[in-house]
Amino acid sequence: MEAALNLARSEPESLREKSDILDAGYDQEQDSWEVIIKYNGDLAQDLPRGIELEPLIAGYGILTIPASLFENVPPSPWIEYAELPKRLYFEQGLSGEEAAEGYSPSDFLRSFSFSEKGTAEGLSSLSGEGVLVAVIDSGIDYTLPNFRHKNGSTRIAALWDQTLTPDAQNPPPEGFRQGKLYTSGDINAALQRPFPQEILPSVDTSGHGTAVAGIAASGAVGGEYAGMAPESDLLIVKLGNPSDRGFPRTTELMRALTFAARFALERNQPLSVNLSFGNSYGSHNGTSLLERFIDNVAEIGRNVICVGTGNEGLSGGHYSGRLTEGMTTVVEISVAPYEASLSIQLWKNYVDDYAIWLIAPDGGTVFLGPEQYGKVESRLGRTRVLGFFGQPTPYSTSQEIFFDLLPEDYYIDEGVWRIRIEPAAIRNGYFYLYLPVASTRNQGTRFMNPSQEMTLTIPSTAAKTIAVSAYHPGFDTFADFSGRGAAFWDHFQERSNIGAVRPTLSAPGTDILAPMPQGGYGRFKGTSFAAPFVAGAAALLMEWGILRGHDYFLYGEKLKAGLIRAAKPLPGVEEYPSSKTGYGRLSLKEAAFEG
């Protein structure tokens, strides 16, 4: 089990409910826990009574465990590894504001001459027709003309709203337990009514998913706005919001990806998936169960998965360094007033031995010694400190040292906290520290000397995704809020595959014009809105290659390779691949293959 799951199982509810990390798997309404597992064999026959297995794909599954059993579930020889779900956060820097002007997908497409080498017919004739674009997000305003055919019928092939209570008329998709699945027929019937949402009540309250879907695949509306793939079919999954904190979990995402892959297979359609959210919990080297699961989904059927790299570049939530023998390092963290909790992850190579002190603002310390393993618990001032010294997993040589700072009453101690690292034996030396994403921290809670490299959010770190950072289209400059990869990738991640470099490429991500719920357009900012440029571009390439017969294998890693080859330099970025823009900015010239 990972460190967070070990701690969650050993701590009382009164402490867990104060933690964003340890409480993420708990469903208060059902009084049960969800746990992500990798397993083999006939696990369902081996589970204690009351525990349910939800199989996904490739030996991944979700266990639903009654709260009364959670702390004492016996190990099973069929379970290889287990993790808690993590909360996901939208990757937008600013909320959309109503606007009449901004940079649109039409502006992007007009910037290219499509008669270039690599496309016999020219990409200008493409619209994404026949390709399925999956937007897994906050939902969609299905009533907008942006998502309808010219005759007024919907372009949405299916809409799974995980937040709604299922019933006999609209059950969830086969194999799942939550939400309602609406077919295109259901949506068309609702659109005939004066108030469609009275009979089909799925709404996008944040507008995030509507904007993302519009950028990737809005139809041409009034001759003024169109998405990247304006005639593609849409598959919409509104992710569940299982807690009062209002954010979906990685388990909802895993269900959505499984559903999308199966749906595309049933319809025999190429699939382009857009994911515009993430979190900072994990080693960021592609080895968590979520990242490995996504890599497995990427090999089902003919698909491509596009993910934004997040907006943590300047958030102060990451620190990295390298230790040498005899070198003691002190890392300082500023904790702002009224911080309800704070988790700190330290990831290191298992071959290195450290002594670590967590030092509170008043000088109190918690010590973790070399070769230590297991839980540490202490009280420093008004803060309860839970620590866990982990071990490598079956899938990674990385070792996690995890601290969760929880309040004794309402808030943890403000001021400067310090992590003192004293090497005992060093052979690798690299270490990486992460705080939760900026949207969950108070302003002012950050590392005092942060690192901007390796600020990608997960799951953009999954190897078989296309990881998309953002640039300013008006100035052709990198958007500095954007999550970045490693300056020296080979030091962090032992891979020689060029496709594993993060980010893969960069796309427009500031002042982006996109549709808003109930009509009109807004201006948006963030890698949330860069990723759908690439998801829509992928749909165009799959139409050209797979559906028009130019290249039946233009999907997955081959499509990624085409986009890598076609990527263009961004002014001010001298070396490629770059930790900021990967192989360059998105381009469709020469992205397809001849022959």
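## A helix across a sheet

Helix α1, residues 3-10, lies across three strands: β20, β21 (383-389) and β22 (398-407). The helix runs at about 125° to β21. Everything here comes from a predicted model, so read the details with that in mind.

The three strands under α1 belong to an open sheet of six, in the order β15-β24-β17-β22-β21-β20, with antiparallel pairing. At the edges stand β15 (318-322) and β20 (374-380); each has a single partner strand, so one side of each is left without a neighbour in the sheet. From one strand to the next, the twist averages 15°. At the β15 end, five bridges tie β15 to strand β24 (residues 430-434), and the two run antiparallel. To find a spot in that pairing, look for G321, whose bridge partner in β24 is F431.

## The five-stranded sheet

There's another open sheet, this one of five strands, ordered β19-β18-β23-β16-β25 and again with antiparallel pairing. Its edge strands are β19 (365-368) and β25 (446-447), each pairing on one side only.

Strand β18 (residues 353-359) pairs with β19 in the antiparallel sense, over four bridges. One handy landmark is I359, which stands opposite T365 in β19. The side chains join these two strands as well: W357 and F367 form a tilted aromatic pair, 5.1 Å centre to centre with 50° between the planes. W357 sits in strand β18 and F367 in strand β19, 10 residues apart. F367 counts as partly exposed because its relative accessible area is 42%, which falls between the 20% and 50% cut-offs. W357 also has a charged residue over its face: R420, at 4.9 Å from the ring centre.

## Strands β9 and β10

Strand β9 (residues 156-161) is joined to β10 by four bridges, and the two run antiparallel. Across the pairing, L159 stands opposite Y182 in β10.

Which residues of β10 lie on its covered face, and which on the uncovered one? In β10 (residues 180-183), K180 and Y182 are on the covered face, while L181 and T183 are on the uncovered one. That fits the general pattern, in which side chains in a regular strand alternate between the two faces of the sheet.

## Helix α8 and what covers it

Helix α8 (residues 289-297) is mostly covered, with seven of its nine residues buried. The buried set is L289, L290, E291, F293, I294, D295 and V297. So what covers these residues of α8? The cover includes strands β2 (32-39), β4 (60-66), β5 (79-83) and β14 (303-308), along with helix α7 (250-267).

Helices α7 and α8 pack at an angle of about 5°, their axes 11 Å apart. That makes α7 roughly parallel to α8, because the angle is under 35 degrees. On the α7 side, the contact is made by T250, L253, M254, L257, T258 and A261; they meet L290, F293, I294 and V297 in α8. R292, also worth a look, has its charged end over the ring of Y395, 3.8 Å from the ring centre.

## Y39 in strand β2

Strand β2, part of the cover over α8, also holds Y39. Is Y39 buried or exposed? Y39 counts as buried because its relative accessibility is 13%, under the 20% cut-off.

Leaving aside neighbours within four places in sequence, Y39 is in contact with L53, P55, G59, Y60, G61, W78, I79 and E80. Take E80 from that list: Y39 and E80 are 41 residues apart in sequence, yet their C-alpha atoms are 5.2 Å apart in space.

## Aromatic pairs

The model has 16 aromatic pairs by the ring-centre rule. One of them is Y103 with F533, a tilted pair at 6.3 Å centre to centre and 35° between the planes. This pair links distant parts of the chain, 430 residues apart: Y103 is in the loop between β7 (94-98) and α4 (105-110), and F533 is in helix α10 (residues 531-547). Both Y103 and F533 are buried.

Elsewhere, ring pairs link W160, F176, F259 and F263 into a cluster.

Technical notes:
Residues are numbered from 1 along each chain as its sequence is written. This is a predicted model: local features need pLDDT of at least 70, side-chain atom pairs count only at pLDDT 80 or more; totals for chains, interfaces and linings use all residues. Side-chain values use heavy atoms; hydrogens and water are left out. Two strands pair if DSSP finds at least two bridges between them. Axes are lines fitted to C-alpha atoms, for helices over the stretch in contact, and angles run from 0 to 180 degrees between N-to-C directions. Contact means heavy atoms within 4.5 Å. Buried means under 20% relative accessible area, exposed over 50%, partly exposed in between (1.4 Å probe, protein chains only). Rings of Phe, Tyr and Trp (its six-membered ring) pair if their centres lie within 6.5 Å; planes under 30 degrees apart count as stacked, over 60 as edge-to-face and the rest as tilted. A charge sits over a ring if NZ of Lys or CZ of Arg is within 6 Å of the ring centre and within 35 degrees of the ring normal. Angles under 35 degrees count as roughly parallel, over 145 as roughly antiparallel, 65 to 115 as roughly perpendicular and the rest as oblique.
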